[in-house]
Amino acid sequence: QIKLLNPSYLQTFIEEFKDSFETTGFIRLCELWNESEEKIVKDWYKLVEEWFYNSTEKEQYASKNKNKHGWVAKESSLVNPRRKKDWKECFEFDDLVNYNDTPEVFIPQLKKVIPLIHNKSLEIVRVFETILNCEKEYLVKLHDQMMNHHLRVCYYPASEQLENQLPCSEHKDYNSVTLIFSPDPHKKLQIKDREG
């Protein structure tokens with residue numbers, strides 16, 4: 001658990017960052033947002049939560065392809081073929097430029113939160129540039145196009161213990177960098193390290 005790019009700890013940060021990715025492939029970053037950014041992110045969480053709880057228009061935005069834009073119902077997505085379908089509901093945002101086929105209620109807040117997430121992701125990519133000793137901005141240019149990004153918001157309904165079913169089954173991500181944000185500081189992500 002490390003603070004993102006605190007200048008006074010930059011060398012320590014780089015070393016911890018590198019070590020984390022070489023040993024587990026994950027890091028947990030804390031104090032990611034300043035006060036005004038934190039408010040935007042919290043407003044986004046609240047909006048998403050209310051939509052999952054109360055929306056009557058979900059079917060209207062159902063995804064035609066489970067990995068593309070739109071709403072994905074509970075027990076519709078399959079991440080691990082050895083388990084039952086995931087006990088979660090999602091909205092996939094594949095168009096982060098024009099917001100086509102996006103519920104109107106999301107758009108004003110998306111226009112605020114997407115630049116924050118995008119800029120934070122580029123900060124992280126710059127750390128990789130330092131670790132990999134790349135030409136400055138080389139990786140940033142490869143990751144700067146909004147059309148190459150995807151946003152997924154998930155709702156994990158409470159349940160009794162489920163037989164061979166998880167909210168999100170075991171999987172490997174296929175993209176360069178995945179950022180996972182949660183409004184709940186107690187949410188945990190289980191990872192499998194090199195020791196199993």
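**View 1. Y99 sits in the loop between β4 and α3.** Helices (H or I, at least four residues) and strands (E, at least two) are DSSP runs, numbered from the N terminus. This is a predicted model, where local features need pLDDT of at least 70, side-chain atom pairs count only at pLDDT 80 or more, and totals for chains, interfaces and linings use all residues. Residues are numbered from 1 along each chain as its sequence is written, and side-chain values use heavy atoms, with hydrogens and water left out. Is Y99 buried or exposed? Its relative accessibility is 10%, so Y99 counts as buried (buried is under 20% relative accessible area, exposed over 50%, partly exposed in between; 1.4 Å probe, protein chains only). Beyond its neighbours within four places in sequence, Y99 is in contact with I107, L110, K111 and I114 (contact means heavy atoms within 4.5 Å).

**View 2. Helix α2 covers residues 35–54.** With 20 residues at 1.5 Å each, α2 should span 28 Å, and its end C-alpha atoms are indeed 28 Å apart (the expected span is 1.5 Å times one less than the number of residues).

**View 3. Here are the two sides of α2.** The buried residues are E37, V41, W44, Y45, L47, V48, W51 and F52. They fall within an arc of 165° seen down the helix axis, so they line one face (the arc uses directions from the axis to the C-beta atoms). These buried residues of α2 pack against β3, β4, α3 and β5. Turned away from them are the exposed residues E35, K39, K42, Y53 and N54.

**View 4. L189 lies in the segment after β5.** At 52% relative accessibility, L189 counts as exposed.
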